[in-house]
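Trainee: I should like to work through this structure by question and answer. May we begin once the sequence and the model are in view?

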Amino acid sequence: MVVKTGYARRIYDDVREQYLHLLCCGMIDDDQIVLQMCARWNPEHYAILPSSWFSPLRDYTGEASRTQAVPYGDDEKTISARQRYHWAKLCLKHSIRQFRHMMRTITLA
């Protein structure tokens with residue numbers, strides 16, 4: 001998230017309000033959903049822009065973008081196609097396990 005310091009209080013208040021909405025429904029989330037809720041609730045205050053995972057780190061530091069590089073501490077680490085495939089495979093396995101667990105434990109009425 002990139003924000004001017006003067007907007008930090010507004011964001012805090014909006015995020016807090018959205019968390020209270022979720023809690024009233026008996027839910028909680030710690031990811032981007034709450035920020036998306038803020039943007040939908042007050043679209044005049046927020047802009048959702050497409051980006052890759054680490055692009056804000058490069059876009060706002062003035063450094064030129066490097067192909068398939070991920071910021072890692074003070075330097076960058078290049079990720080091979082094999083590493084990306086392995087990571088995607090692990091994520092898919094985890095997602096399948098979570099889905100099966102939810103199907104066993106959650107009943108729809």
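Trainee: Which residues does Cys38 touch, not counting residues up to four places away in sequence?
Mentor: This is a predicted model, and the contacts are computed from it. A contact requires heavy atoms within 4.5 Å. With residues up to four places away in sequence left out, Cys38 touches Asp14, Val15, Gln18 and Tyr46.

Trainee: Is Gln18 buried or exposed?
Mentor: Gln18 lies in helix α1, which spans residues 8–24. Residues under 20% relative accessible area count as buried. The relative accessibility of Gln18 is 2%, so Gln18 counts as buried.

Trainee: What does Gln18 touch, not counting residues up to four places away in sequence?
Mentor: The 4.5 Å heavy-atom limit applies here too. Once residues up to four places away in sequence are set aside, the partners of Gln18 are Val34, Met37, Cys38 and Trp41.

Trainee: Are α1 and α2 roughly parallel or roughly perpendicular to each other?
Mentor: The axes of α1 and helix α2, residues 32–41, come within 9 Å and cross at roughly 105°. Angles of 65 to 115 degrees count as roughly perpendicular. The two helices, α1 and α2, are therefore roughly perpendicular to each other.

Trainee: How many nonpolar, polar and charged residues has the contact of α1 with α2?
Mentor: From α1, the residues Asp14, Val15, Glu17, Gln18, Tyr19, His21 and Leu22 meet Val34, Leu35, Met37, Cys38 and Trp41 of α2. Sorted by class, the contact of α1 with α2 comprises two charged, two polar and eight nonpolar residues.

Trainee: Which helix supplies the largest share of the largest nonpolar core?
Mentor: That core has five residues, namely Ile11, Val15, Leu22, Val34 and Cys38. At least two residues of this core come from each of α1 and α2. The largest share, three residues, is supplied by α1.

Trainee: Which side chains meet in a salt bridge?
Mentor: The count comes to one salt bridge. The criterion is a side-chain nitrogen of Lys or Arg within 4 Å of a carboxyl oxygen of Asp or Glu. At 3.4 Å, N to O, the pair is Asp13 and Arg9.

Trainee: Why are Asp13 and Arg9 separated by about one helical turn, and is Arg9 buried or exposed?
Mentor: Asp13 and Arg9 are separated by about one helical turn because they are four residues apart in helix α1. Asp13, at 36% relative accessibility, counts as partly exposed. Arg9 has 56% relative accessibility and therefore counts as exposed.

Terms used
Residues numbered from 1 in each chain as written. Predicted model: local features only at pLDDT ≥ 70, side-chain atom pairs only at ≥ 80, totals over all residues. Heavy atoms only, no water. Buried < 20%, exposed > 50% of the residue type's maximum accessible area, 1.4 Å probe, protein only. Axes fitted to C-alpha atoms, helices over the stretch in contact; angles between N-to-C directions. Parallel < 35°, antiparallel > 145°, perpendicular 65-115°, else oblique. Nonpolar A, V, L, I, M, F, W, Y, C, P; charged D, E, K, R; others polar. Core = buried A, V, L, I, M, F, W, Y, C linked by side-chain atoms within 4.5 Å.
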